[in-house]
Amino acid sequence: MTPIQPAVTYSADVEQRAPDEDATIAELVEVFTRMAGVVAEHEGHAHRAVHAKGHALLLGRFQVLDGLPPELRHGLFSSPADYDALVRLSSPPAEQLPDTVSTPRAMAVKILDVPGARVEGGDEQHSQDFLMVNGPAFNTPGISGFLRSAKLLAATTERMPRTKQVLSATLRGTEAALEAVGGQSASLKALGGEPQHHPLGETFFTQVPFRYGPYMAKFSWVPVSPALVALTGQKLPSEADTQREAVAAFFAQPGAVAEWELRVQLCRDLEKMPIEDASVVWPEELSPFQPVGRLVVSEQSSWNADAEASEDRLAFAPWHALAAHQPLGNINRARRIVMAASRDFRTRFNRCPIHEPSARNV
């Protein structure tokens, strides 16, 4: 067995800005705000520019594990602690598409009332957010490819819903065949080929890196309670709100408990674990994921008539973070600006200010 190398120490020069980065980000802002505007005019309500369809909004409890090794005791994880947390399960794109158009799943967690110095460029003062999707790598290396994909998506927003359903079914079949022989395609899944599996059985990944105190890392939410593990790979019927209904049915069970482990993967080789190329899966043989926290969500109503209004008042963003967990790489730098523009548009259109929650007002 190859010995595990020491974690790479963060320095500012690990981030490399392309000469056209600012122009590309400005174009992304235009594309995503235009997409959000088309949906808002069509539906009479402004949703998020990505991951617009919410499947659940849950209250949970997050625990930083005790006894972590010194390498992992940084930032939020410096010492054992317990926090309230909000959990949002969702799927892209900017539209409220039926689940018959099967796109990737997302899990956003907002840990509340976290003390400590804040990252520069964030707009919440006490939250630590983790935004993850159910795949280990982004579907393009950086923001240039992201822009190309966004333009294709924007061209179909609020158009041809029946065509999207047929395309999604075809792509799901292709993806299933690919996975049967040991592969998977992030591009196919992003286009609508995501297999219809139960979202509570999925493993979620940040895909992009963050500071981890003096080091750099990616994060993952892994289902660990038996009830969640049993849902891994469980197929769902292809119906309009199948994910929302499946999650609601789980948390409506008397005594229902869902537990995820938060795991961290430290960067130990900049060549094989790059900071700017988000399409590269960091090899676990070089740096295995290690547990640092646990999220517990118990029986509750996961979605109700007030859920959309509650969502309107909330924003989840990677830049809602401690300085010790500064987002890194060009995808994250773009997200800071693009997501802020999306929030501003949503606030203006809905006439509903976004508020940072705390344990006192959730």
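**Exercise 1. Classify Phe349 by burial, then describe its ring contact with Phe345.**

Step 1. Phenylalanine 349 has a relative accessible area of 26%, so it is partly exposed (buried is under 20%, exposed over 50%, partly exposed in between, with a 1.4 Å probe and protein chains only).

Step 2. Phenylalanine 345 stands at 16% and counts as buried.

Step 3. Both sit in helix H8 (residues 330-350), four residues apart, which means about one helical turn between them. Helices here are DSSP runs of H or I with at least four residues, strands are E runs of at least two, and both are numbered from the N terminus.

Ground rules: this is a predicted model, where local features need pLDDT of at least 70, side-chain atom pairs need 80 or more, and totals for chains, interfaces and linings use all residues. Residues are numbered from 1 along each chain as its sequence is written, and side-chain values use heavy atoms, without hydrogens and water.

**Exercise 2. Count the aromatic pairs and assign the geometry of Phe345 and Phe349.**

Step 1. Apply the rule: rings of Phe, Tyr and Trp (its six-membered ring) pair if their centres lie within 6.5 Å; planes under 30 degrees apart are stacked, over 60 edge-to-face, the rest tilted.

Step 2. The count is twelve aromatic pairs.

Step 3. The Phe345 and Phe349 rings are 5.8 Å apart centre to centre, with 35° between the planes: tilted.

Step 4. One aromatic cluster joins Phe62, Phe77, Phe130, Phe210, Tyr212, Phe219 and Trp221.

**Exercise 3. Find charges over rings.**

Step 1. Require NZ of Lys or CZ of Arg within 6 Å of the ring centre and within 35 degrees of the ring normal.

Step 2. Lysine 110 lies over phenylalanine 316, 5.1 Å from the ring centre.

Step 3. Arginine 336 places its charged end over tryptophan 319, 5.6 Å from the ring centre.
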